[in-house]
Amino acid sequence: MIAEALVDAYGEDEELVGFHAVLSDRVAVPFTTEVLGVDVIVEEIDLPPGSGVVAICRRARILQPMGLRDLPLPDPPPEGAEWIEAFRHWAL
């Protein structure tokens with residue numbers, strides 16, 4: 001899976017872009033998960049400038065990006081969650 005995400009990437013910046021593209025295409029959003037005991041809705045997966053891949057989480061009217069490596073996944077996980085696990089493995 002990692003090789004598929006990084007097929008045309010040269011260097012870490014392009015690898016992040018490659019993973020972002022695959023994650024955006026393959027992970028079913030929105031989905032609900034729990035962060036620090038509070039339910040949040042993951043609305044999208046983003047790659048802000050100067051940052052890593054993040055999940056944009058919403059609670060009521062508040063939006064908060066959270067690093068995808070640290071995002072707890074619900075049980076059962078959303079469709080495409082295996083791509084999040086591949087990203088986490090690559091990002092170690």
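Here are some short exercises on a predicted model, each with a worked solution.

**Exercise 1: Sorting the aromatic pairs**

Find out how F19 and F87 are arranged as an aromatic pair, and do the same for F87 and W90.

*Solution.*

Step 1. Let's start with what to look for. A pair of aromatic rings is described by the distance of the centres and the angle of the planes.

Step 2. A search of the whole structure turns up three aromatic pairs. One of them is F19 with F87: their centres are 5.4 Å apart and the planes make an angle of 75°. Angles over 60 degrees count as edge-to-face, and that is the label for F19 and F87.

Step 3. Now ask where these two sit. F19 belongs to helix α2 (residues 12–26) and F87 to helix α3 (residues 81–91), so this pair ties together parts that are 68 residues apart in sequence. Both F19 and F87 are buried.

Step 4. On to F87 and W90. Here the centres are 5.8 Å apart with 35° between the planes, which makes the pair tilted. Both residues lie in helix α3, three residues apart, or about one turn of the helix.

Step 5. Put it together: ring pairs link F19, F87 and W90 into a cluster.

**Exercise 2: Buried or not?**

Decide whether F87, R88 and W90 are buried, partly exposed or exposed.

*Solution.*

Step 1. You need the cut-offs: buried means under 20% relative accessible area, exposed means over 50%, and partly exposed is in between.

Step 2. F87 has a relative accessibility of 4%, so F87 counts as buried.

Step 3. R88 comes in at 17%, so R88 counts as buried too. R88 lies in helix α3. If you skip residues up to four places away in sequence, R88 touches L68, R69, D70, L71, P72 and L73.

Step 4. W90 has a relative accessible area of 21%, so W90 is partly exposed.

**Exercise 3: Mapping the core**

Which residues have the most contacts inside the largest nonpolar core, and which element supplies the largest share of this core?

*Solution.*

Step 1. A bit of background first. In soluble globular proteins, nonpolar side chains tend to be buried together.

Step 2. In this model, the largest nonpolar core has 24 residues, and L23, L68, L71 and F87 have the most contacts inside it.

Step 3. Now check the elements. At least two residues of this core come from each of α2, β1 (31–35), β2 (38–46), β3 (54–59) and α3. The largest share, five residues, comes from α3.

Step 4. Take a look around F87. Beyond its neighbours within four places in sequence, F87 is in contact with L16, F19, L23, V53, L68 and R69.

Step 5. Finally, see what the helices pack against. The buried residues of α2 pack against α1 (2–5), β2 and α3, while the cover over the buried residues of α3 includes α1 and α2.

**Exercise 4: Checking a helix length**

Work out whether the span of α2 agrees or disagrees with what its 15 residues should give.

*Solution.*

Step 1. The expected span is 1.5 Å times one less than the number of residues.

Step 2. For the 15 residues of α2 that gives 21 Å, and the end C-alpha atoms are 21 Å apart, so the two agree.

**Exercise 5: Reading the sheet**

What is the order of the strands in the sheet, and which strands stand at the edges?

*Solution.*

Step 1. Trace the strands across: the order is β1-β2-β3-β4, in an open sheet of four strands with antiparallel pairing.

Step 2. Look at the ends of that order. β1 and β4 (62–67) each have a single partner strand, so one side of each has no neighbour in the sheet.

Step 3. From one strand to the next, the twist averages 45°.

Step 4. Zoom in on one pairing: β2 and β3 run antiparallel over five bridges, and E44 stands opposite I56 in β3.

**Exercise 6: Spotting backbone oddities**

Where are the cis peptide bonds and positive phi values listed below?

*Solution.*

Step 1. Keep the general rule in mind. Most residues other than glycine have a negative phi, and most peptide bonds are trans.

Step 2. Fill in the table.

| Feature | Place |
|---|---|
| Cis bond joining V29 and P30, omega about 5° | P30 is in the loop between α2 and β1 |
| Cis bond joining D75 and P76, omega about 5° | P76 is in the loop between β4 and α3 |
| L36, phi near 50° | Loop between β1 and β2 |
| A60, phi about 60° | Loop between β3 and β4 |

Step 3. Add the surface view: L36 is exposed at 84% relative accessible area, and A60 is exposed at 67%.

Conventions: Residues numbered from 1 in each chain as written. Predicted model: local features only at pLDDT ≥ 70, side-chain atom pairs only at ≥ 80, totals over all residues. Heavy atoms only, no water. Phe/Tyr/Trp six-rings, centres within 6.5 Å; stacked < 30°, edge-to-face > 60°. Buried < 20%, exposed > 50% of the residue type's maximum accessible area, 1.4 Å probe, protein only. Contact = heavy atoms within 4.5 Å. Core = buried A, V, L, I, M, F, W, Y, C linked by side-chain atoms within 4.5 Å. Pairing = 2+ DSSP bridges. Axes fitted to C-alpha atoms, helices over the stretch in contact; angles between N-to-C directions.
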